[in-house]
Amino acid sequence: DKSLTPKPGNVVIAMIDGEFTIKRLEKKNDELYLKAENHNYPNFNFKNHNDIQIWGVVIYSIHNLN
């Protein structure tokens, strides 16, 4: 949902360096990062990438994510 403002705790669709991903937006020590729910995938820190764009907040999947 592009009409929602992303906030920590939301699952978001993001484009990182030109590739789409779905991650949870988190905040730690006043810094935002994208947390992978699956431990086989990396977290993404905003300061380590040149181009991160949040495209929208995921509100439903097979299970409600809110």
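From the N terminus on, the elements of this chain run β-β-β-β-β, with five strands and zero helices. Helices (H or I, at least four residues) and strands (E, at least two) are DSSP runs, numbered from the N terminus. The radius of gyration, taken over C-alpha atoms, is 11 Å, close to the 11 Å that the globule rule gives for 66 residues, so the chain is as compact as a globular protein of that length. That rule is 2.2 Å times the number of residues to the power 0.38.

A word on the model itself: it is predicted, so local features need pLDDT of at least 70 and side-chain atom pairs count only at pLDDT 80 or more, while totals for chains, interfaces and linings use all residues. Residues are numbered from 1 along each chain as its sequence is written, and side-chain values use heavy atoms, with hydrogens and water left out.

Now to the sheet. The five strands form an open sheet in the order β4-β3-β2-β1-β5, with antiparallel pairing. Its edges are β4 (44-45) and β5 (52-58), each of which pairs on one side only. Two strands pair if DSSP finds at least two bridges between them. Strand β2 (residues 19-28) and strand β3 (residues 31-35) run antiparallel and are joined by five bridges; L25 has L34 in β3 as its bridge partner.

Three residues are worth a look as you follow the chain. Burial here means under 20% relative accessible area, exposed means over 50%, and partly exposed lies in between (1.4 Å probe, protein chains only).

| Residue | Place | Relative accessibility |
|---|---|---|
| V11 | strand β1 (residues 11-16) | 8%, buried |
| D17 | loop between β1 and β2 | 42%, partly exposed |
| N29 | loop between β2 and β3 | 68%, exposed |

The C-alpha atoms of V11 and R24 are separated by 4.1 Å, although their positions lie 13 residues apart along the chain as a sequence separation. D17 has a positive phi of about 50° without being a glycine, and N29, also a residue other than glycine, has a positive phi near 55°.

Finally, the chain as a whole. Its C-alpha trace spans about 30 × 25 × 25 Å along the principal axes, and buried residues make up 24% of the 66 residues. With contact meaning heavy atoms within 4.5 Å, 38% of the contacts between residues at least 6 apart in sequence join residues at least 24 apart.
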